[in-house]
Amino acid sequence: MKLSQFKFRLPEDLIAQYPAEHRDESRMMVLHRKSGEIEHLVFKNIINFFDEGDLFVFNDTRVFPARLYGNKEKTGAQIEVFLLRELNRDNRLWDVLVDPARKIRIGNKLYFGDDESVVAEVIDNTTSRGRTLRFLYDGEHDEFKSSLLALGETPLPYYIKRKPEKEDEERYQTIFARNEGAVVAPSAGMHFSREVMKRMEIKGIESAFLTLHIGLGSFKDIDVEDLTKHKMDSEPMSIDEQTVELINKTKDAEKKVCVIGASTMRGVETAVSTASHVKPFEGWTNKFIFPPYDFAVADAMVSNFHMPLSTMLMMVSAFGGYDLVMDAYRLAVKEGYRFGAYGDAMLIVD
C-alpha cells in the first residue's frame, strides 16, 4: 500500500489537548469486522464484549520524564534535550535529541538545574539532531538517575500544544505501568481504570503483560510512498513465560485474545511462533505492520484514534480492514471524536 492512502482531513480542534476527566469515560467506537457495523459507546462498556476465559494483553512500559532543558556553556543559550535511552550505565552515556541542533557541537558542555549541578558533555553526533551525552556525575548511579529525572518533564506528544502540567505525570501513564523505559505512552491502555480492571477480574477476563519501550520512532515521518521501503526504529521488548502461557492457553481454549494498543500488537506479533502461539522473547523489534497483514494471535484490538499518515493508523487498518477503518475515521471526524494519546478509543471485534 501507499503512504498517501492513509491521509485524511483532521481538524486541529479534534486533537485532544487534555485527558478525559475519568480514564474509562472516553467515547469508544466499536467496529465489527464481519458485518461492518459501527457502534458508539463509552469505554467502560468494553467488558460487555468479552466473557470468562478471554484475555486482554497490555504493554506495561512506564514513561520517564524525558524532556529537560539545559544551558550551553559560555553563551547560556537554552537547549532542549530529549533523553531517548541510556547507552552505558557506568559511563553515564545517553542517546539524546537536542534542539536547536545547529548550536551544539562535540565538546560543548551543558548545565542543568537551577544550581547547574548536573553537567553533560557532547561526545558524539549520531544523527542530524541526535547526540551522545556523557553526564559528568560522581555519585552512585541511582543517585545520578534520580537527579537527572527530577530535572525532566513529561514528554507529551508534539501535537499537544501546551506545557506539561502536574496532572500529566500520572495521566500520561497507564495505571499498570511498571517497567520504566518509554518516551511515548501506550495510549490505548490509558483508558483502563482500576474499576474496569476490577470488573474484568470479577467477570473472569484475564490480563497479561508484555513490555515494549516505545520510542520516538512512532512519530517519525514516513518519507517513502512505498510502505515496503519504510524502516521502523528498533525498540527493546520482552515477553515472559507467564504471558506466553496465558496467551497460548487462551488460544487453545478457543477464547478471545484482545490486544491493547499498537505497541502491544507489535510485541505479540514479534513473538509469534507457530499455530497462533507465541514464545518468550527478549530483545529488539522493528516490526512494521501495514495492510495486508495476517495476524496470528489477536481476535480483538483496542486503539486510540491516530494521526494521518502514522504507522499506528496503518497497523489499525491492517487489523480492522483498510476500507472499514478509513470509513470509521472519516465518521469519527464527523462525529467529533477526540484524536491522539488523550483522545477516544476504538474497539475492533469480529
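The dialogue below works through a predicted model and asks how its structural labels are earned.

Student: What makes β5, β6, β7, β10, β9 and β8 a barrel?

Tutor: Those six strands close on themselves in the order β5-β6-β7-β10-β9-β8, with antiparallel pairing. From one strand to the next, the twist averages 45°.

Student: How do you know that β9 and β10 are paired?

Tutor: Pairing needs at least two bridges. Strand β9 (residues 118-125) and strand β10 (residues 130-136) are joined by six bridges, so they count as a pair, and they run antiparallel. Within this pair, D124 stands opposite T132 in β10.

Student: Which helix lies across β5, β6, β7, β9 and β10?

Tutor: That is helix α1, residues 141-150, which runs at about 145° to β6.

Student: Let's move on to β16. What makes strand β16 mostly covered?

Tutor: Five of the five residues in β16 (residues 300-304) are buried. Both faces are covered, with A300, V302 and N304 on one side and M301 and S303 on the other.

Student: Which strands does β16 pair with, and in what sense?

Tutor: Strand β14 (residues 257-260) runs parallel to β16 and is joined to it by three bridges; here I260 has V302 as its bridge partner. Strand β17 (residues 345-349) pairs with β16 in the antiparallel sense over four bridges, and there N304 is partnered by A345.

Student: Why are α6 and α7 called oblique?

Tutor: The axes of α6 (residues 311-320) and α7 (residues 322-335) come within 6 Å and cross at roughly 125°. Roughly perpendicular covers 65 to 115 degrees and roughly antiparallel starts over 145, so an angle of roughly 125° falls between them and the helices are oblique to each other.

Student: Which residues make that contact, and how do they divide by character?

Tutor: L313, V316, S317 and G320 come from α6, while Y322, L324, V325, M326 and Y329 come from α7. They divide into seven nonpolar, two polar and no charged.

Student: How do you know that E170 and R23 form a salt bridge?

Tutor: The cut-off is 4 Å between the side-chain nitrogen and the carboxyl oxygen. For E170 and R23 the N to O distance is 3.3 Å, so the pair qualifies. E170 lies in helix α2 (residues 168-171) and R23 in the segment before β1, so the pair ties together parts that are 147 residues apart in sequence.

Student: Why is R23 called buried but E170 partly exposed?

Tutor: Buried means under 20% relative accessible area, and R23 is at 9%, so it counts as buried. E170, at 47%, is not under 20% and not over 50%, so it is partly exposed.

Student: Why do K198 and E201 get different labels, then?

Tutor: They form a salt bridge at 3.7 Å, and both lie in helix α3, three residues apart, about one turn of the helix. K198 has a relative accessible area of 44%, which makes it partly exposed, whereas E201 at 54% is over 50% and therefore exposed.

Student: What makes D299 and K251 a link between distant parts of the chain?

Tutor: Their side chains meet in a salt bridge at 3.5 Å, N to O. D299 sits in the loop between β15 and β16, and K251 in helix α4 (residues 241-252), 48 residues apart. K251 is at 18%, under the 20% limit, so it counts as buried.

Student: How many salt bridges does the structure hold?

Tutor: It holds 19.

Key: Residues are numbered from 1 along each chain as its sequence is written. This is a predicted model: local features need pLDDT of at least 70, side-chain atom pairs count only at pLDDT 80 or more; totals for chains, interfaces and linings use all residues. Side-chain values use heavy atoms; hydrogens and water are left out. Helices (H or I, at least four residues) and strands (E, at least two) are DSSP runs, numbered from the N terminus. Axes are lines fitted to C-alpha atoms, for helices over the stretch in contact, and angles run from 0 to 180 degrees between N-to-C directions. Contact means heavy atoms within 4.5 Å. Buried means under 20% relative accessible area, exposed over 50%, partly exposed in between (1.4 Å probe, protein chains only). Ala, Val, Leu, Ile, Met, Phe, Trp, Tyr, Cys and Pro count as nonpolar, Asp, Glu, Lys and Arg as charged, and the others, Gly among them, as polar.
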